[in-house]
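Visitor: I am new to this structure and would like a close look at a single part of it. Could you take me through its aromatic rings and the residues around them?

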Amino acid sequence: DALPIYPDIWTSPNPKKYLVKLLTNLSNEKVSFIASEKILNKKNKVHLNVESDYPIHGKVNVNIGVQKKEKFTLALRIPTQIEKMKAYINGEEQEITHKGGYLYIERIWENADKVTLDFKIETKVVKLNNSQAIVRGPLLFARDSRFNDGDIDECATIKCNNQGVIQAKIKKNKTGTFPWITLTVPAVLGTDLENVENKTPKLINFCDFSSSGNDWNPNGRYR
């Protein structure tokens, strides 16, 4: 009664998907699945339900359903962009052990157990060749003229601390509207900085890179 094998791959460009891998002690086989149901053996099966709006916020809940309690290892894929995190089982904080990009939790699981991952997600500036880019988790952000908040081609210096962290406000917009995610960050605009007023940071809107650019308007810049 070998379990089916699925490739252990994290290649989806959609960051809203979260890979969960189950390693069972019942055989040498591996099972990878996303919020699905798998049979452990003829007498038991497990169902995982993942609740999260990552990477907008850092909390991920994995709800576990089993027909009867059983021991197996749950391996949760940790995004490479995450530097700090906490893990909880039924509200109790756990010691974290990483191995090959996964957080492994071996225990006797019972129905309605819940694993909570609390990722510390920061909005940061990445600098290269005298240029700046804004990233948050796996997402890259860009200015867009549809915000109507200035010339998107003008020089802009994003304000951040010594670690590159930006004090940004993040907002998830309604499905079907522009953009998917809005990020508001402080920036000094333009090159005329002799005037003290021009040195004062202004709040500028950025959107996730996948939402930027072409709006299919024949009169628009991108067409």
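Guide: What follows is a walk through two aromatic pairs and their surroundings.

Please keep in mind that this is a predicted model, in which four aromatic pairs are found. In one of them, the ring centres of phenylalanine 72 and tryptophan 109 lie 5.8 Å apart with their planes at 20°, and because planes under 30 degrees apart count as stacked, this pair is a stacked one. Phenylalanine 72 belongs to strand β6 and tryptophan 109 to strand β10, so that the pair joins distant parts of the chain, 37 residues apart. Both phenylalanine 72 and tryptophan 109 are buried.

Tryptophan 109 has further company, for the charged end of arginine 107 sits over the tryptophan 109 ring, at 5.1 Å from the ring centre. Leaving aside residues up to four places away in sequence, tryptophan 109 touches Ile64, Val66, Lys68, Lys69, Glu70, Phe72, Leu74, Ile89 and Val115.

Tryptophan 109 also has a place in the largest nonpolar core, a set of 23 residues, where Trp109 is listed with Val62, Ile64, Met85, Val115, Leu117 and Phe119 as having the most contacts inside the core. Two or more residues of this core come from each of β4 (44-52), β5 (59-66), β6 (70-77), β7 (85-89), β10 (102-109) and β11 (113-119), and the largest share, four residues, is given by β5. Apart from this core there is another, of 15 residues, which includes Val125, Leu139, Ile158 and Leu189.

A second pair to look at is that of phenylalanine 147 and phenylalanine 178, which is tilted, with 5.3 Å from centre to centre and 45° between the planes. Here too distant parts of the chain are linked, since phenylalanine 147 lies in the loop between β14 (139-142) and β15 (156-158), while phenylalanine 178 lies in the loop between β16 (169-172) and β17 (181-189), 31 residues apart. Phenylalanine 147 counts as buried because its relative accessibility is 18%, under the cut-off of 20%, whereas phenylalanine 178, at 28%, counts as partly exposed.

Over the ring of phenylalanine 178 sits the charged end of arginine 146, 3.8 Å from the ring centre. Serine 211 meets both of these residues, as its contacts, not counting residues up to four places away in sequence, are Asp144, Arg146, Phe178, Pro179 and Trp180. Serine 211 is located in the segment after β18 (202-208), and with a relative accessible area of 18% serine 211 is buried.

Terms used:
Residues are numbered from 1 along each chain as its sequence is written. This is a predicted model: local features need pLDDT of at least 70, side-chain atom pairs count only at pLDDT 80 or more; totals for chains, interfaces and linings use all residues. Side-chain values use heavy atoms; hydrogens and water are left out. Buried means under 20% relative accessible area, exposed over 50%, partly exposed in between (1.4 Å probe, protein chains only). Contact means heavy atoms within 4.5 Å. A nonpolar core is a set of buried Ala, Val, Leu, Ile, Met, Phe, Trp, Tyr and Cys residues joined through side-chain atoms within 4.5 Å. Rings of Phe, Tyr and Trp (its six-membered ring) pair if their centres lie within 6.5 Å; planes under 30 degrees apart count as stacked, over 60 as edge-to-face and the rest as tilted. A charge sits over a ring if NZ of Lys or CZ of Arg is within 6 Å of the ring centre and within 35 degrees of the ring normal.
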